[in-house]
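Please look at the chain below with two topics in mind: charged side chains that pair up, and nonpolar side chains that gather together.

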Amino acid sequence: PLSLTSVIAPASGIHPPLGSQNCVFDQLFLIHMNSPDSGVKTAKQYVANLQTEVDAAFLYAAVADAEEDAGIARIFRQMADIEHEHASKMLEHVQKQGVFMNLPLPSWRARTLRRIGKIFGFDYVIGVLVDTEKSITQAIVQQKNTLGQPVTGSEGNHVVILQSLLQ
């Protein structure tokens, strides 16, 4: 069976430490920051990406809270923790760019999705998370291709994990 550990970092634990070469988030962010056209991405865009990470962490935690199977709930909690780590790391990068802020609260959209999940079940919310992760994966791969960076296959780990949980 597929587990979070086996998909993300079989040799090094649950998740590669942020700042390591194995962390896709850090790879993407450093590509942005070190690319010749990195000035094109505005602070506003980084803050929007930060909000996406905060919202994903919030929604993964909500799904985990509602999940009856303890093993699956643990995986969703780990996903929430990973997204929170991503958000914290992105906040550091945003602050280094001169935008001083705290982590934002979950957006109205994320809070609404949680309410939908509580009323109708979290299948729809999980579908939204899959779509979000697919979009992020496509952006990472496109960015790497544009900059001539190797695509390792780990870029879509979150999509693989979610799809395995849906089977």
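A salt bridge is counted here when a side-chain nitrogen of Lys or Arg lies within 4 Å of a carboxyl oxygen of Asp or Glu. The structure is a predicted model, and a search through the whole of it finds two salt bridges.

| Salt bridge | Closest N to O distance |
|---|---|
| D65 with R77 | 2.9 Å |
| E155 with K144 | 2.7 Å |

**The pair D65 and R77**

In one of these pairs, D65 and R77 have their closest N and O atoms 2.9 Å apart. Because D65 lies in helix 3, which covers residues 43-66, and R77 lies in helix 4, which covers residues 70-96, the salt bridge ties together parts that are 12 residues apart in sequence. Are these two residues buried or exposed? With a relative accessibility of 60%, D65 counts as exposed, while R77, at a relative accessible area of 37%, is partly exposed.

**The pair E155 and K144**

The side chains of E155 and K144 also meet in a salt bridge, with 2.7 Å from N to O. This pair links distant parts of the chain, since K144 belongs to helix 6 (123-147) and E155 to the loop between helix 6 and helix 7 (157-166), and the two residues are 11 residues apart. The cut-off for calling a residue buried is a relative accessible area under 20%. E155, with a relative accessible area of 7%, is therefore buried, and K144, at 2% relative accessibility, counts as buried too. The side chains of K144 and E155 also make a polar contact, at 2.7 Å.

**The nonpolar cores**

The other topic is the nonpolar side chains. The largest nonpolar core has 21 residues, and those with the most contacts inside it are L59, Y60, V63, F76, V125, L129 and L162. Which helices supply this core with at least two residues each? They are helix 3, helix 4, helix 5 (108-120), helix 6 and helix 7, and the largest share, seven residues, comes from helix 3.

Y60 offers a view of the surroundings of one core residue: when its neighbours within four places in sequence are left aside, Y60 is in contact with F76, M79, A80, E83, L129, E133 and L162. Apart from the largest core lies another core, made of seven residues, and among them are L50, A87, M90 and V94.

Terms used
Residues numbered from 1 in each chain as written. Predicted model: local features only at pLDDT ≥ 70, side-chain atom pairs only at ≥ 80, totals over all residues. Heavy atoms only, no water. Helix = DSSP H or I, 4+ residues; strand = E, 2+ residues; numbered from the N terminus. Buried < 20%, exposed > 50% of the residue type's maximum accessible area, 1.4 Å probe, protein only. Polar contact = N/O pair within 3.5 Å; in protein donor to acceptor, adjacent residues only side chain to side chain. Core = buried A, V, L, I, M, F, W, Y, C linked by side-chain atoms within 4.5 Å. Contact = heavy atoms within 4.5 Å.
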